[in-house]
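Hi everyone, and thanks for coming. Let me walk you through a structure that is new to most of you, one stop at a time.

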Amino acid sequence: MGDYRVGLGIDVHAFADPVEGRELVLGGVRIPSERGLRGHSDADVLAHAVTDALLGAAGLEDIGHYFPDTDERYRGADSLQLLGEARRIVGGDWAVVNVDVVVICERPKIREYREKMRENLAAALGVEPSRVSVRGTTSERLGFTGRGEGIAAQAVCLLERIGGG
Ligand SMILES: [Zn+2]
């Protein structure tokens, strides 16, 4: 049997005040919304959860270790680029078997954007979109996601060792 490793990534971002004029970016897709998410980078909560799942599967440090929010280089950063960088850090000894990510919010509805999100995440990871799954769910109006205070995302990533070891 091969050497497989699973990683879990969880991220949360609060909505910014509309006057801050933040864009809402999920899975690299700019979604029409009067409010974006607060964050040092583009606050792409979906991409961040996937990045942490990837790093976790490889037994590495978390996203904040490699891309600290105190670093001016990452102000407004494109989180898909950070995911691509994390993929390079993980290295060629590991192949991405699959990624599954769930976005938790009442709005926006993820369904109409999920194909583009899959393509974006897969391109950053260097895999076919068929290896990436994106789904949305609500929290039935309960908690901070239910009240529309923020968006949460949870991801798992499975890696298979194909070199080194
Ligand atoms: Zn984040």
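One definition before we start: a residue is buried if its relative accessible area is under 20%, exposed if over 50%, and partly exposed in between, using a 1.4 Å probe and protein chains only. By that rule Asp-71 is buried, at 17% relative accessible area.

Please keep in mind that this is a predicted model, so to speak of local features we need pLDDT of at least 70, and side-chain atom pairs count only at pLDDT 80 or more, while totals for chains, interfaces and linings use all residues. Residues are numbered from 1 along each chain as its sequence is written, and side-chain values use heavy atoms, with hydrogens and water left out.

Back to Asp-71, then. Which residue forms a salt bridge with Asp-71? Its partner is Arg-73, with the closest N and O atoms 2.8 Å apart. A salt bridge here means a side-chain nitrogen of Lys or Arg within 4 Å of a carboxyl oxygen of Asp or Glu. Unlike buried Asp-71, Arg-73 is exposed, with a relative accessible area of 64%.

By this rule the count comes to twelve salt bridges. Two of the pairs I'd like to show you are in helix α4, residues 114–125. Helices are DSSP runs of H or I with at least four residues, strands are runs of E with at least two, and both are numbered from the N terminus. Arg-118 and Glu-115 are separated by about one helical turn, because they are three residues apart in α4. Their closest N and O atoms are 3.2 Å apart. Arg-118 counts as buried at 18%, whereas Glu-115 is partly exposed at 40%. Glu-119 and Lys-116 are also three residues apart in that helix, and their salt bridge has a closest N to O distance of 3.9 Å. Elsewhere, Asp-3, Arg-5 and Arg-161 are linked in a network of salt bridges.

Next stop, the metal. Which residues are the protein donors of the zinc ion? They are Asp-11 (OD), His-13 (NE2) and His-48 (ND1), lying 2.0 to 2.1 Å from the ion. Donors are N, O and S atoms within 2.8 Å of the metal, or 3.2 Å for Na, K and Ca; water is not among the atoms, so sites may look incomplete. The two histidines link distant parts of the chain: His-13 is in strand β1 (residues 4–14) and His-48 in helix α1 (residues 45–57), 35 residues apart. Both His-13 and His-48 are buried.

Now for the rings. The structure holds two aromatic pairs. Rings of Phe, Tyr and Trp (its six-membered ring) pair if their centres lie within 6.5 Å; planes under 30 degrees apart are stacked, over 60 edge-to-face, and the rest tilted. Tyr-66 and Phe-67 make a tilted pair, because their planes are at 55°, with the ring centres 6.5 Å apart. Phe-67 also pairs with Tyr-74, at 5.4 Å between centres and 85° between planes, so that pair is edge-to-face. Together Tyr-66, Phe-67 and Tyr-74 form one aromatic cluster. Within this cluster, Phe-67 and Tyr-74 are buried, while Tyr-66 is partly exposed at 22%.

Last stop: Ala-58, in the loop between α1 and α2 (63–66). Ala-58 and Glu-160 are 102 residues apart in sequence, and their C-alpha atoms are 9.5 Å apart in space. Thanks for listening!
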